[in-house]
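Colleague: I am new to this structure and would like a close look at a single part of it. Please pick one residue, show me its surroundings, and then walk me outward to the rest.

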Amino acid sequence: MSERLCLGRIKNIESYHLNISLLHGVKGRVQITDINLPYRDALEQLLNGHSEANVKLMNEMFEVGQIVRCSPQPGEIISDVAMKSKSKPVGLSLNPSRVNRNLKKSLLKPYVTFVGGVKSVEDNGYIIDTGISGLDVFLPYEETPLPVGKKYSIGCLVELAILDDQFATTKSRVLRCSMLRRQSVPDSNEIPFDSLLPGMRIPVKVTSSSLEGLDCTFSSFLVHIPAQHCPQEVTKYSPRNQLNACIVDIDLATKSITASLLPHFVKDDLKESEGLMAYKHVKVGAFVENAVLKRRERNCVYLWLPSFQRCGVLLKANAYGKDAPKKWTSHFPENTATKCRIIDFDLFLNSPMVSIRKNVLESPFLTLEDVKVGSKISVSVKKFLPRGVSVRLGGTIRGVIPYMHLSDVPIKNPQERFKIKSKIKAMVLGINHEKGELQLTAKKSLLSSSFPILGSANMLQSWEKTVAKNKANRQSPPESSFVTAYVIQSSEKGVLVCGMNNVRAWIPRSQTLVNEMSTPEAASYTKGETLQLRVLKRLQVSPQRGKKPSTQFLLSQIIKVLGLQVTLLRSAESEEVLTSAFLPYTHLSDSISIANLAQLYRDTCFRLNSILSLTEDGNTPARVVVVSTSGREGVVVSAKPSLLEAAQTSNESPGAGFLRSVEQLQVGTQWVGWVAHHMDYGTFVEFPGGFRGLVPTRYLCDRRAPPGTDWSSLLPPGTSVEAKMVEMNGSRFLLSLRMTDTYFSAEEQYVRHAVARTERYLNECRWICKHVKQLNNLSHFTMGQLVKFHVDGLTEEVVTG
């Protein structure tokens, strides 16, 4: 068992533990089960289903900066070395049965302040568990600092002293105590060592001083005061000076006592900026341009920070790299303005910690406040947790990348792909201030999204502008706002997606592609999958949900398709109407550039109630083929020549066919389709009937594409392709666009088809130019014409100019 007792200050409060700042910069940690026995019993009752158990959260029982009495856990060692190393926090306990373990009922005096935990709440006060054998304590309500109407809950720690009028009857098992009568310990030789506890204030007499601090005496005990715990330089304290000090550490084995003279430990009447709340008046990450030397100690120097009207502590590690000079504090210049940066606040010293190192002064990220949601950053891998990869930004800021956010493709063994200290490009999705960590993603589909992320500032601004514009222009068709989000849950009713700042949105089943397509693969959504969506409306958030995540938007996965409403006739000569249909602009041609031009100049290219013609003479009616009958648009047709040709050709003939039913999908078959959309891991190709298959990135071309290849610009959505089925795994179809897979005849594919498609493209150019005069130059080209070509780009794959 550890033979030490120490004083600490709460650095931060987590859900299940407290981080404690201790003497000499040592860090400690108290688990939720080591607060005290009443609180532990209340937690066990709560876990066993007793909903009436009065249990408060850690942040409701404690506050940052609060002084607590601690006892190291068995086997834990506290020493000066811990300050210099990056060792794990020291395990501590606040349990009164450990902190008061040497204290006996017979040693209780009015000046002995001890700690206890609230065991029960009675009509007139509290029963306190002190951990002292044979003693229970009663704390009346009027002897607490709480205002009328407020009460401590089970497990709250309180600091007590026995009331004077009870010492004549110490045989009573229950003694009355108070939190309002804190007294200093008298200088008497009759005080037993076991009655001393951390936090008690004692009178000391200086015997000698050194670079290490002051050596003093109290009663018959030796007391050491470190130099850092002296408000002035140690040379200014003379022997026999009598001072009031606060005990901060007791070694029960050697009976050595360490104390502090710092005001926040020995005085109660300090201003907030000087007392326990001083950390609130110092901003970590702030720069100080004109800091000057105030005093030197053996292991640190104190710099006066004019803008904060206090001293900052500069340690050797924050002043130099590995090549620090010996006796470095004596080399620090006097009367010279020094630029420094506040990197932390030492609660135990109640002083800011500063650094003058160049990398710290130039670092853009030092605290969570320096990081903005949506920022793209580079982080280093620290370790692997059950919930994701723990990373560091700037060496100090913690972050977590959940495993589903490491890539757009699930990674089976993250430890093999990402090594410790390796770098990962990530984007900040949110900041958890309670845990003090960043919520990150490394998905390329989110990092390089062309649409704003759901919940981002850009997305909210875009939505507000769209709403305002639609209200102002009620006569025009409403505009849409688009976002990118990732799936967190899928059910029969719809899909729940999330974005930045934990903003969530709902996609009803009727607004998913599942309702649009009959293929099984479209019906499944993987957790973490990235989707591009259309915003339908903003939902009202119920105030009753409090801090719980709520659904704020209603979205649709169905991006509105632009095209022409047409009437289908049985023949060009006949006026017999078969049905009405929808012709998307992307299905006007095999050439996306022609389709885009037709959409851009649709008012001049198309006229209502006229025969649709895509030729220069305007007399040849356009022929179309039905590609879907089950979508929201009803009957959908296509004028793509490649689809028309495939529909007229027998499936037994060589070449790509026209897919009519899912039964035709077999490994080795080849079909004409078009690009639906792109993901980081591949491209989805759609076929007539709404059937879709995935072309993995490795099957998009014969050679391995360079990292970062923009497939959406090389193969825009709507591009006509010939795809070959290479793998079928249940409802999952894998396709290939590689020439080595789709090649069957040089004469057919690279002579006759290539010439025919080029001829069609030139004819379509002439059709566009007839309607759009400013594009007239495109109509001058014919097959076989010689042209001058100026080269402005050259790669292994293509010449551009």
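Modeller: Let's start with tryptophan 506, which lies in strand S28, the stretch covering residues 504-508. Please keep in mind that this is a predicted model. Is tryptophan 506 buried or exposed? Neither word fits: its relative accessible area is 27%, and because buried means under 20% and exposed means over 50%, tryptophan 506 counts as partly exposed.

Next, look at what tryptophan 506 touches, leaving aside residues up to four places away in sequence. On one side of it in the numbering are Ser491, Lys493, Gly494, Val495 and Leu496. On the other are Thr551, Phe553, Leu554 and Leu555. Leucine 539 is a useful landmark too: 33 residues separate it from tryptophan 506 in sequence, and their C-alpha atoms are 9.9 Å apart in space.

Contacts across the sequence also show up in the protein as a whole. Among contacts between residues at least 6 apart in sequence, 59% join residues at least 24 apart. The protein has 801 residues, 46% of which count as buried, and its elements comprise 16 helices and 41 strands. The accessible surface comes to about 42700 Å², with 51% of that belonging to carbon and sulfur atoms.

With so many strands to explore, let's visit the barrels. Strands of a sheet pair through backbone hydrogen bonds, either parallel or antiparallel. One closed barrel has five strands in the order S6-S7-S8-S10-S9, and its pairing is mixed. On average, neighbouring strands of this sheet are turned by 55 degrees against each other, direction ignored. Within this barrel, S9 (residues 157-162) is mostly covered, with five of its six residues buried. S9 pairs with strand S6 (residues 114-121) in the antiparallel sense over four bridges, and one place to find this pairing is phenylalanine 114, whose bridge partner in S9 is leucine 160. S9 also runs antiparallel to strand S10 (residues 174-178), joined by two bridges; there, isoleucine 162 stands opposite cysteine 177 in S10. Elsewhere in the barrel, S7 (residues 125-129) and S8 (residues 136-140) form an antiparallel pair over four bridges, and isoleucine 127 has phenylalanine 138 of S8 as its bridge partner.

Another closed barrel of five strands runs S16-S17-S18-S20-S19, also with mixed pairing. Its neighbouring strands are turned by 50 degrees against each other on average, direction ignored. Here S16 (residues 287-296) pairs with S19 (residues 338-346) in the antiparallel sense over three bridges, and valine 288 finds its bridge partner in cysteine 340 of S19.

Since cysteines have come up, how many disulfides does the structure hold? Zero. Take cysteine 230: its sulfur is 7.8 Å from the closest cysteine sulfur, that of cysteine 216, so the two are too far apart for a bond. Cysteine 230 is buried, with a relative accessible area of 1%. Cysteine 156 counts as buried as well, at 7% relative accessibility.

For a last stop, try a helix. In H11 (residues 592-600), the buried residues are Ile592, Ile594, Ala595 and Ala598. They cover an arc of only 160 degrees around the axis, so they lie on the same side of H11.

Definitions and conventions: Residues are numbered from 1 along each chain as its sequence is written. This is a predicted model: local features need pLDDT of at least 70, side-chain atom pairs count only at pLDDT 80 or more; totals for chains, interfaces and linings use all residues. Side-chain values use heavy atoms; hydrogens and water are left out. Buried means under 20% relative accessible area, exposed over 50%, partly exposed in between (1.4 Å probe, protein chains only). Contact means heavy atoms within 4.5 Å. Accessible areas come from the Shrake-Rupley method with a 1.4 Å probe; for residues, only the protein chains shown count as cover. A disulfide is a pair of cysteine sulfur atoms within 2.5 Å. The arc is that of the directions from the helix axis to the C-beta atoms. Two strands pair if DSSP finds at least two bridges between them. Axes are lines fitted to C-alpha atoms, for helices over the stretch in contact, and angles run from 0 to 180 degrees between N-to-C directions.
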